[in-house]
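Open the model in your viewer and keep the selection tool handy. We will go from stop to stop, and at each one you will learn what to select and what is there.

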Amino acid sequence: MPLLTLANAELAYGELPLLDRASFAMDAGERIGLIGRNGTGKSSLLGVIAGAVALDDGELRRNTGLRIAFVPQEPVLLPLPSIKQALLAEADAPEEHKLEEFLHRFKLDPEVTAQNASGGERKRAALAFAFARQPDLLLLDEPTNHLDVDAILILENLFVKQASGIVITHDRAFLDRVATRILELDRGMLKSFAGNFSGYEAQKAQDLAAESVANRKFDRFWAQEEIWIRKGIAARRTRNEGRVTRLEHLREERAARRERSGRVKLAVGSAQRSGKLVAELAHVSKSFSGNECIVKNLNLLVSRSDRIGIIGPNGAGKTTLIKLILGTLEPDAGSVRLGARVEVAYFDQMREALDPEKTVAETIAPGSDWVELPGGRKHVMSYLGDFLFPPRRAQSPVRMLSGGERNRLLLARLFARPANVLVLDEPTNDLDIESLELLEAALQDYAGTLLLVSHDRSFLDNIVTQTIAAEGGGTWKEYVGGYSDWLRQKPLLSGFQESKIKAGREKSKSKLSYKETRELESLPGEIAALEAEQQALSAKMHAPEYYRQPPDDLRADQQRLGDIEQLLQRKLERWSALEAR
């Protein structure tokens, strides 16, 4: 018996239906990736399944007693003194020890003030709450937004062990790792694809090609019928009424056929070439009052046409590092030298560059109907159409736009400027997968210098040629290649971690038994070995050909990954307990 069944569902908020007699069934044990263009109704469908949104027509059947946990895109915490108190005050709160276990798994301090929690902390708190409830069905709406890579990996490892789940995400690496089926919401209908996202891409390309051929055949036949019926008087006198009726049906069918929504047309304009040197940092250090060192004794050379990815946990100082490179922030020590003819275009993750009271058109072309592009001028309506803004949306104030629309608007303004240094700070948030891939293609063709901050592993792998990673304690290290290359190259234990281990050993020797001292000394090596195995297995599972292996091998790898996570948890807790003594 299916876990849940959606039958002939209809739901509309505007001119076109979000669900147009859509149907699907879900079995226990499935992990479904729900994908589709921004605005197609994915979140609304998740709300229907969660019981928060009512259908206009159709039916949703759920197993009796089915326990559902739902994590929305932007979780809200109750205004209580701590995150733990805020979560425990929610309806259907789990047992306290379960909640604390998952808060610990997501590396979240339960005593952080709920009102002052960052977006990442709120998201991790909501995820911990959902997993602690141990639901039969877990619904996640863009769970990787606001999370750094470490938190995304923790989420992956937990979600693959979840009984059943549906997730909306643009993170392709996440979908490749966790999804057993892809469900695409396209023009009101649901289409199912077995396997992960890579398998979906291959099948989707074939389906779109077949659809295009079918549409061309239909249009050609329709055109022939229109020519026939418009023949002269003699032809009309003898025309077959059945054929006329058939033409009317063709017209109705053609009018009802909803075209696949347009594609974003992205092209990055390049200014005149910068000098060979873009920026040179010599022994640069930076810290802020009350915080540990953000950048410590950094030497870095950025040359023309470098494509640099900057990675690290939230709060590591990635945005600070970019400002130092661009010379907009003074270092506490060391020097920064900028090259000649450097023209910068900056995509800000906080969208600070957008005036909420201006219209979409004013944001792109203030005081004009034309946009001056590197390839010539273009009417603002036509240019906005390239970014999927219809004419009626051009006069809407920015404050009325969704997160995805704001992202597209900022990209539209950014790409209208000639620049030889392009800085993108978390550009992938709120973009649908198709727009994300088109952005990738545009950046791959960009001839200038690129500085990219992102937690999207696939995006980094497809764009950058070198990676600067936060190593802890203000140390930043440069690696060749993208995220996967960094994963293979990074040391098992950084110097920062090793210093903590040594300090723990010295502190503990006088208070532990001989056996416990030996155990404490061996734990770092055991943890490092498990982490190395975890990283190697994760890299193996992200390989393009991985899912062509036999199903038993795939299940064995997933089981081993879950076992490693549990072993690491136990050993880390034991290490912490021994170190504390």
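Helices here are DSSP runs of at least four residues, numbered from the N terminus. Keep in mind as you look around that this is a predicted model.

**Stop 1: helix 10**

Select residues 318–326, which form helix 10. Just after helix 10 comes Gly327, with a positive phi of about 80°. Is helix 10 mostly covered or mostly uncovered? It is mostly covered, as seven of its nine residues are buried. Color them to see the pattern: Lys318, Thr320, Leu321, Ile322, Leu324, Ile325 and Leu326.

Now zoom in on Ile325, a member of helix 10. Its relative accessible area is 2%, so Ile325 is buried, the cut-off being under 20%. Which residues does Ile325 contact, leaving aside neighbours within four places in sequence? Show Ala279, Leu281, Leu300, Val302, Val336, Leu338 and Leu451 to see them. Try the distance tool on one of these partners: Leu338 is 13 residues along the chain from Ile325, and their C-alpha atoms are separated by 8.2 Å.

**Stop 2: Ala361 and its surroundings**

Move on to helix 11, residues 360–364, and pick out Ala361. With a relative accessible area of 10%, Ala361 is buried. Not counting residues up to four places away in sequence, Ala361 touches Val380, Leu384, Ala394 and Gln395. Add Pro391 to the view as well: Ala361 and Pro391 are 30 residues apart in sequence, with 9.3 Å from C-alpha to C-alpha.

**Stop 3: the nonpolar cores**

One of the residues you just displayed, Leu384, leads to the next stop. The largest nonpolar core has 44 residues, and Leu384, Leu409 and Leu422 are those with the most contacts inside it. Which helix gives the largest share of this core? Select residues 403–415, helix 13, which supplies six residues. Around Leu384 itself, show Val360, Ala361, Ile364, Phe389, Ala394 and Leu409, which Leu384 touches if residues up to four places away in sequence are not counted. There is also a second, separate core, made of 43 residues; Leu103, Leu108, Val178 and Ile433 are among them.

**Stop 4: rings and charges**

Phe389, seen a moment ago, has a charge above its ring. Select Arg408 and you will find its charged end sitting over the ring of Phe389, 5.0 Å from the ring centre. The ring of Phe102 has a charged end over it too, that of Arg105, 5.4 Å from the centre. While you are there, add Phe106 and Phe131, which ring pairs link with Phe102 into a cluster.

How many aromatic pairs does a search of the whole structure find? The search finds seven. For one of them, select Phe193 and Tyr200: the ring centres are 4.9 Å apart and the planes lie at 85°, so this pair is edge-to-face, a label for angles over 60 degrees. Both residues are buried: Phe193 has a relative accessible area of 4%, and Tyr200 has 8%.

**Stop 5: helix 18**

Finish with helix 18, residues 514–541. At 1.5 Å a residue, its 28 residues should span 40 Å, and the end C-alpha atoms are 41 Å apart, which agrees. Where is the kink in helix 18? Select Ser522 to see a kink of about 30°, shortly before the proline Pro524.

Definitions and conventions: Residues numbered from 1 in each chain as written. Predicted model: local features only at pLDDT ≥ 70, side-chain atom pairs only at ≥ 80, totals over all residues. Heavy atoms only, no water. Helix = DSSP H or I, 4+ residues; strand = E, 2+ residues; numbered from the N terminus. Expected span 1.5 Å × (residues − 1). Bend = angle between axes of the 7 residues up to and from the residue. Phe/Tyr/Trp six-rings, centres within 6.5 Å; stacked < 30°, edge-to-face > 60°. Buried < 20%, exposed > 50% of the residue type's maximum accessible area, 1.4 Å probe, protein only. Lys NZ or Arg CZ within 6 Å of the ring centre and 35° of its normal. Core = buried A, V, L, I, M, F, W, Y, C linked by side-chain atoms within 4.5 Å. Contact = heavy atoms within 4.5 Å.
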